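Please open the structure in a viewer and set it to display side chains. The tour below proceeds by selection, with a note on what each selection shows.

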Amino acid sequence: MVLATIDPTTRLAASTSLEDLETPCLVLDADRMDRNVQRLRSRLDAMGVSLRPHLKTAKSIEVARRVMSSLEGPATVSTLKEAEQFAAAGVRDLIYAVGIAPAKLARVAELRASGVDLVVTLDTVQQAQAVAEASRQSGTRIPAMIEIDCDGHRSGVRPTDLAQLVEIGQALTAGAELRGVLTHAGDSYKGGGVEALRLYADTERLAVMEAARILRKAGLPCPVVSVGSTPTAHHATDLAGVTEVRAGVFVFFDLVMAGLGVCQIDDIALSVLATVIGHQREKGWIITDGGWMSLSRDRGTGKQAVDQGYGLVCDVDGTPYQDVIVADANQEHGIIGVRPGSNARLPDLAVGDRVRILPNHACATAAQHETYHVVRGRSHAVETCWTRFGGW
């Protein structure tokens, strides 16, 4: 079937189905997505904390509109390209949650001049000085959050480093604006069960609370206290003192999150539709056109108790086959096999049959595609397409 030329964000012809799509392509179950969003929003509402969703996973205006609490935000981004795209769609409340490079401050000032409350992130005095200088040059006080290292995972100021925190805060307030502190519990991706995830969440909260206390005691403002990771957002039992929670992959979930126990397999809203293109029966392989160019090379479940290879294989309805995974992948070839050690059998799939593959890492898999093909539940009807973007 040849589709008419249409705006990809509008409704497709009613007859369009999964069987009509060119493969490999990205499929989004909107029912699962909506349930995932409502699950976290209800949880945080009950705890009296606002959700600032991270839009880096979706990179889609249509998805963002269904995740944010209003059309203007709040939201989190990981690139200035995201900030520009979402700002053009009317989002006005954004945190750029990656350490700011001084050379990017001109773009930040331009976005702020257009009416976007874009907040930058930093963890050094040098960055703070650059933000203050850019503020003076642009005639606007650029707001910044100090990133706090809550677990030694990646970047940020240790919450006990009083001298550095105060020095950064003072450098900012000399010309810019200190908006608050934020952190990301990256170690929560190590898992360890419910109690471990609760401990990560508590450690995350205590770290930013201590940093906020130090800044306030020094006479510096700290109105925003921001935490965020999908595992801790779903396991925090105490968010007292926290003003907002940032999380991103919860919108779609993925096999890594399922492996951590944050979600179930049937919560995963994203899949790659692929077509069987051959067999190597003596090797126990089924070959598809869904290679690592469509799945990504992310092997995030490789260190978990259950290694999902390059993705878990489902029938075209989205129901997983028992212990059938993409065991290996080349650029445009996916090699389906039975999980090592399992007594399961390969499904009887002929050349031309279709499968859906659940991703290890939703962000990485989605990044390989330009379009979400939206379905609901077990229906094969593609009710619309939503565009997504990439770049920096």
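**Salt bridges between and beside helices**

Select E84 and R107 to begin: the two side chains form a salt bridge whose closest N and O atoms are 2.9 Å apart. E84 belongs to helix α3 and R107 to helix α4 (residues 105–113), so this contact ties together parts that are 23 residues apart in sequence. The model is a predicted one. E84 is partly exposed, its relative accessible area being 28%, and R107 is also partly exposed, at 29%.

Next, select R112 and D117. These residues form a salt bridge, again with closest N and O atoms 2.9 Å apart. R112 has 18% relative accessibility and is classed as buried because the cut-off for that class is under 20%. D117, at 24%, counts as partly exposed.

**A salt bridge between two loops**

Move now to R378 and D317, which form a salt bridge with a closest N to O distance of 3.0 Å. This pair links distant parts of the chain: R378 is in the loop between β16 and β17, D317 is in the loop between β12 (312–314) and β13 (320–329), and the two are 61 residues apart. R378 is exposed, with a relative accessible area of 52%, whereas D317 counts as partly exposed at 21%.

To see a network of salt bridges, select D31, D34, R376 and E383, which are linked in this way. Over the whole structure, a search finds 23 salt bridges.

**Strand β1 and its neighbours**

Select strand β1 (residues 25–29) and display the surrounding residues. Is this strand enclosed or open? Of its 5 residues, 5 are buried, so the strand is largely enclosed by the rest of the structure. In a regular strand, side chains alternate between the two faces of the sheet. In β1, C25, V27 and D29 point one way, while L26 and L28 point the other way; all of them are buried.

Add strand β10 (residues 270–280) to the selection: β1 and β10 pair in the antiparallel sense over 4 bridges. Centre the view on L28 to find its bridge partner in β10, L270. Then add β16, which runs parallel to β1 and is joined to it by 4 bridges. Here L26 stands opposite Y372 of β16.

**Aromatic pairs**

How many aromatic pairs are there? The count comes to 2 aromatic pairs. Select F86 and F389, which form an edge-to-face pair with 5.5 Å from centre to centre and 65 degrees between the planes. F86 is in helix α3 (residues 80–88) and F389 is in the segment after β17 (384–387), so placed that the pair links distant parts of the chain, 303 residues apart. Both F86 and F389 are buried.

Now select F252 together with Y372. Their ring centres are 5.6 Å apart and their planes lie at 55 degrees, so the pair is tilted. This pair, too, links distant parts of the chain: F252 lies in the loop between β9 (244–247) and α9 (255–260), Y372 lies in strand β16 (residues 371–375), and 120 residues separate them. F252 and Y372 are both buried.

**A charge over a ring**

For the last stop, select R299 and Y310. The charged end of R299 sits over the ring of Y310, at 5.4 Å from the ring centre.

Note on methods
Residues are numbered from 1 along each chain as its sequence is written. This is a predicted model: local features need pLDDT of at least 70, side-chain atom pairs count only at pLDDT 80 or more; totals for chains, interfaces and linings use all residues. Side-chain values use heavy atoms; hydrogens and water are left out. Rings of Phe, Tyr and Trp (its six-membered ring) pair if their centres lie within 6.5 Å; planes under 30 degrees apart count as stacked, over 60 as edge-to-face and the rest as tilted. Buried means under 20% relative accessible area, exposed over 50%, partly exposed in between (1.4 Å probe, protein chains only). A charge sits over a ring if NZ of Lys or CZ of Arg is within 6 Å of the ring centre and within 35 degrees of the ring normal. Two strands pair if DSSP finds at least two bridges between them. A salt bridge is a side-chain nitrogen of Lys or Arg within 4 Å of a carboxyl oxygen of Asp or Glu.
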